[in-house]
Amino acid sequence: MRALLPRQGLWLRRIAAILGIAGIIAPLVILLGTTGILFAGFAALTLWRIAIITFSFALKRPNTQPPAPTGYLPIYTVMVALYDEAAAVPGLAKALCALDWPETRLDVLILMEQGDGVTQAAAAAVRWPAGTRRLVLPPGSPQTKPRALNFGLHHARGRYVCIYDAEDRPGPSQLKAAFAAFEHAPDPLACVQAPLVAFNRRQSWIAAHWSLEYAIQFSRLLPAQARLGLPILLGGTSNHFDAQVLRQLGAWDAWNVTEDADLGIRIARLGYGTTTIDVPTLEEAPETLGVWTAQRSRWLKGFIVTWLVLMRNPAESRRRLGLGGLLTVHAGLLGTVLTSLAHAPLLAWCAASLAMGNAGWVGAGLAVLFAGYGATFVAGLAAPPWAGRPRLTTLLTLPFYWPLHSIAAIRAIYGLFHAPSFWAKTPHGLTQAVPAGH
């Protein structure tokens, strides 16, 4: 897949040339203009997040216990793409065996790459649910998770399809909760997103902040967007799909390193809905800065690609998504990238302005920053029990965590031009057991 059409590349080159010439003639004007654009984008996304979080507090939380399905249960396909995941295999197999769904109606597909003999051996040595199929992908490129999932979908037998990652530990009742959501949906529903919760959030400072982000994302932002009928950027795992609709959508883009976000937008473009449930999946957060940066830069790179694809025909995207939907997608994709780029420079600019005694401009910058911190602080404190309450030290150190996103954003832009489809894999299985009282 090419992210940029020739005409998009032409316009970008023209804009870059104009900015380069203007930067030589009037560097201060360009610097101030760029700063103003980043500041405006940062302020806009902060206000959008505050509005969505505020609306989320008005929502009545659904019952976390799914209604008991009655009648004949359909076949449910569970797909897991594994690559270099031998350490995570035993825990994954145990979790899938614990799913509360009749094994005769469960279609588990373990998808592995041809050259990954270690993972294949590990998968052959454990007990899976009855009827599990271990499939080895044929040689091909790109060697990405979405390519593996597309291969698995071709072999899936289920009416519904669920995606898990190697380190995932889904709640046993999650399939029934998702099935109930499909059965009782008033509108055509393509996907049910389950929340993701870090079971190792106490292992490191980075893991704690990653967990806080996920708690807000899955307990506040996504449920509110679903209730408002806005597009949802899917979480990459614990997605439950209507298999027929998924095939109609064209499944996953094998070349996009955030295939989940891309698929979430296509769901909305074709008029289908996405909703959320409360039965969580436990998964492993990055515990080191290096792993976190690699994962986050991959996400941001994929957001840029997804946004560029969306903007190939802005008028058509506006027609299909509606104004509110299009603005939501801009906020989730381009807004996230711009604010990630802007955070460290904005903090540095505030510090420099204070040092030079220019308090007027500093007030505006600090107001935007602390509005974002405040909204995150309140949403974090109000996270539901399944998301885990963040420690006060995590909330108070947000000003040290958010600037790290600027490093990831710069790396994402570099990767966009040099390796747009390279999948920076996140290592799993580093925390072997789910701690008690997680």
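Start by selecting S340, which is buried, with a relative accessible area of 4%; buried means under 20% relative accessible area, exposed over 50%, and partly exposed in between, with a 1.4 Å probe and protein chains only. This is a predicted model, in which local features need pLDDT of at least 70 and side-chain atom pairs count only at pLDDT 80 or more, while totals for chains, interfaces and linings use all residues. Residues are numbered from 1 along each chain as its sequence is written, and side-chain values use heavy atoms, with hydrogens and water left out.

**Stop 1: S340**

S340 sits in helix 11 (residues 314–355). Helices (H or I, at least four residues) and strands (E, at least two) are DSSP runs, numbered from the N terminus. Now add A408 to the selection: 68 residues separate S340 from A408 in sequence, but their C-alpha atoms are 7.8 Å apart in space. Beyond neighbours within four places in sequence, S340 has contacts with L300, H405, S406 and A409, where contact means heavy atoms within 4.5 Å.

**Stop 2: the whole chain**

Zoom out. The chain holds 15 helices and ten strands. Of its 438 residues, 53% count as buried. Among contacts between residues at least 6 apart in sequence, 82% join residues at least 24 apart.

**Stop 3: helices 7 and 10**

Two packed helices are described by the angle between their axes and the distance between the axes. Select helix 7 (residues 205–228) and helix 10 (residues 289–310): their axes come within 10 Å and cross at roughly 30°. That makes helix 7 roughly parallel to helix 10. The axes are lines fitted to C-alpha atoms, for helices over the stretch in contact, with angles running from 0 to 180 degrees between N-to-C directions. Angles under 35 degrees count as roughly parallel, over 145 as roughly antiparallel, 65 to 115 as roughly perpendicular and the rest as oblique.

Show side chains for I206, W210, E213 and Y214 in helix 7, which meet L289, W292, Q295, R296 and W299 in helix 10. By class, this contact of helix 7 with helix 10 has six nonpolar, one polar and two charged residues. Here Ala, Val, Leu, Ile, Met, Phe, Trp, Tyr, Cys and Pro count as nonpolar, Asp, Glu, Lys and Arg as charged, and the others, Gly among them, as polar.

Stay in helix 7 and pick A224. A224 counts as buried because its relative accessibility is 0%. Its C-alpha lies 9.2 Å from that of T54, although the two are 170 residues apart in sequence. Not counting residues up to four places away, A224 touches I52, F55, S56 and L59.

**Stop 4: salt bridges**

A salt bridge is a side-chain nitrogen of Lys or Arg within 4 Å of a carboxyl oxygen of Asp or Glu. By this rule the count comes to eleven salt bridges.

- Select R147 and E113, whose side chains form a salt bridge at 3.8 Å, N to O. This pair links distant parts of the chain, 34 residues apart: R147 is in helix 5 (residues 145–155), E113 in the loop between strand 2 (106–112) and helix 4 (117–124). Both R147 and E113 are buried.
- Select R159 and E183, a salt bridge whose closest N and O atoms are 3.3 Å apart. R159 is in the loop between helix 5 and strand 4 (160–164), and E183 is in helix 6, 24 residues apart. R159 is partly exposed, with a relative accessible area of 43%, and E183 is partly exposed at 41%.
- Select D107, R133 and R157, which are linked in a network of salt bridges.

While E183 is on screen, extend to helix 6 (residues 174–184), where nine of eleven residues are buried. Among them are Q174, K176, F179 and F182.

**Stop 5: helix 9**

Ten of the eleven residues of helix 9 are buried, so helix 9 is largely enclosed by the rest of the structure. D262 and R266 form a salt bridge, with closest N and O atoms 2.9 Å apart. Being four residues apart in helix 9, they are separated by about one helical turn. D262 is buried, with a relative accessible area of 8%.

Move to E259, in helix 9 (residues 259–269). Which side chain of opposite charge is nearest to E259? K145 is, at 4.1 Å, and the buried E259 has no salt bridge. For charge, Lys and Arg count as positive and Asp and Glu as negative; His and the chain ends are not counted. Leaving aside neighbours within four places in sequence, E259 is in contact with K145, P146, G236, W252, D253 and W423.

End at G271, which follows helix 9 and has a positive phi, near 85°.
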